[in-house]
Amino acid sequence: MTREAAGDRIAVRRAILSVWDKAGLPELGGTLARHGVRLIASGGTARALADAGVEVTSVEELTGAPEFLGGRVKTLHPAIHGAILARRDRPEDMEALAARGIEPIDLVIVNLYPFANASRTAVGMGSVPADEEALTELIDIGGVALIRAAAKNWRSVAVVTEPGDYRELRAELDAGGGTLSAETRRRLAARAIRLTAWYDGRIAAWLSEGEEEWPERWSVAGERVSELRYGENPHQAAALYRDQAPRPEDLTAAKVLQGKALSYNNVLDVEAARRLVRDLHTLDPAGAHGAIIKHTIPCGAASCENADDAYARALAADPVSAFGGVVALSGPVGGPLARKLAEHFLEVVYAPAFDDEAREVLARKKNLRLLTGPMPGPDPWAHEIRRVGGGLLVQRPNLEWLSGGERPEEAYEVPTERRPEPSQWPDLLFAWTVCRAVASNAIVLAKGRTTVGIGGGQTNRVGAVELAIRYARELGHQPSGCVLASDGFFPFADNVETAAVAGIAAIIQPGGSLRDEEVIAAADRAGIPMVFTRMRQFRH
């Protein structure tokens, strides 16, 4: 094999193909044959090419070694790897090939066993690992070895790993008279190594599930879902990646029904809204739930008997902040609810379904994004990741905030003289759940399982209490008679004293302050029942 044409273009004389996904294979084989490329292929790939009328030599014919170990060993042979790895500009490499009667291979076309897409099987609102033995057999060895060999020798060999790249390959071969440029080979090699890194990352993640200790090495493997309109600001570029096998309940699997492309902020807000609705569903599986989010923080949230009322009450909680917000609903959207949604400027609406009438109504809002998919389920092996200087900050998701099942009044500690009334428990647990979605320091006022005032992102907790009360009043709500939830303990009695002046009827908070006795005494003086959850819910 010699370099031909202009610059560093190479002529493709011989190619090996070994693909799981046979899409586009006959067309590609036809193009290669038309350019005089001799084809070598493994079992199923060879049969597919032959069935399409393309002349092909099987790997077994080439190597003289039939595949064995149930197909685990097929392409791992010097006649193949030597032909790929030999450096064309080194006489000693080419002499070594000639001494063994091996001809160079100039093009490697491989796609891998679908381990990554099979590593989880969706079940209800969560997922479970797929069959362990079947998954183990889907760990590709020969394909990865072929890809890495070709990518290592990219100066002389091209490697293609996705059916989506066949059109580009065919076009360049046609335009270049059967040759490929160095620029193309390098770009394809980079794609190939990114693929094997991602693939190995998925295998490592699966094998690591259940480990109690953090592994000594940890990598993030993502597959691009889409480029986004922009990042947090219009001058920033952004993209969305999936980091695990697709699950129907993942945001990356949501179906976009209409509207302009999503931005970075849209994606963050939709996920925040979905998670809040998920948590409210966990609290009350029989109810309907709605949340309106702005800048990843709830403007309003509500739980009731149907999605129409959940949206109406969430909107009424703070219609000013809801302008340009993101809505998530636990139930389907019909025509009447769609008309209510269309009355306001919203960025995104996420729901399990939109009926035909709803689609027709909302289609008039050309820029409104409609996304549909199930609510997310808990994934205990997921990771939450943030970038810090020189590294990644990683934690497991926060999936714990409720105790006691259907009888929380027996599970939670009540240190005050007064206990909450039975009618107050639903509001207390609702407010406590919404608190998880508010930036710390976080305070939530609620009544009738609807938010009344939210104070979040404050640097001191009494400031958050004052903010929630002030917002409630400015929006025409009455704090008196509401319950109050705090994501962290009250460090001083002034938080309770401020709540008491506003007429707060009951409080739920983690407890654990050095001044708990002072805080409890302040609640007793005001006659306010207070619940200790003994579980903090910070969101930074």
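**Exercise 1.** In this predicted model, determine in which sense strand β22 (residues 483–486) and strand β23 (residues 506–509) pair, and over how many bridges.

*Solution.* Begin with the pair itself: β22 and β23 run in the parallel sense and are joined over three bridges. Then look for a residue that fixes the register, and Ala485 is found opposite Ile508 in β23.

**Exercise 2.** Place this pair in its sheet by working out the order of the five strands, and explain why one side of β21 and one side of β24 are left without a neighbour.

*Solution.* The five strands follow the order β21-β20-β22-β23-β24, forming an open sheet in which the pairing is mixed. Because β21 (451–455) and β24 (530–532) stand at the edges, each with a single partner strand, one side of each has no neighbour in the sheet. Passing from one strand to the next, the twist averages 15 degrees. Finally, add the helix: α19 (residues 516–526) lies across β23 and β24, and its direction makes an angle of about 150 degrees with β24.

**Exercise 3.** Describe the second largest pocket, stating how many residues line it and which of them lie nearest its centre.

*Solution.* Start with the space, which amounts to about 840 Å³. The lining consists of 23 residues, and those nearest the centre are Glu162, Arg191, Leu195, Trp198 and Glu223. Next, trace the lining to its elements: α6 (115–118), α10 (182–208) and β10 (223–227) each give two or more residues, while α10 provides the largest share, with five residues. Lastly, sorted by character, the lining holds eleven nonpolar, five polar and seven charged residues.

Technical notes: Residues are numbered from 1 along each chain as its sequence is written. This is a predicted model: local features need pLDDT of at least 70, side-chain atom pairs count only at pLDDT 80 or more; totals for chains, interfaces and linings use all residues. Side-chain values use heavy atoms; hydrogens and water are left out. On a 1 Å grid over the protein atoms alone, a cavity is a set of points where a 1.4 Å probe fits but cannot get out, and a pocket is an open set with protein on both sides within 12 Å along at least five of seven lines; lining residues have an atom within 4 Å of a point. Grid points are joined across faces, edges and corners, and a volume is the space filled by probe spheres set on the points. Helices (H or I, at least four residues) and strands (E, at least two) are DSSP runs, numbered from the N terminus. Ala, Val, Leu, Ile, Met, Phe, Trp, Tyr, Cys and Pro count as nonpolar, Asp, Glu, Lys and Arg as charged, and the others, Gly among them, as polar. Two strands pair if DSSP finds at least two bridges between them. Axes are lines fitted to C-alpha atoms, for helices over the stretch in contact, and angles run from 0 to 180 degrees between N-to-C directions. Contact means heavy atoms within 4.5 Å.
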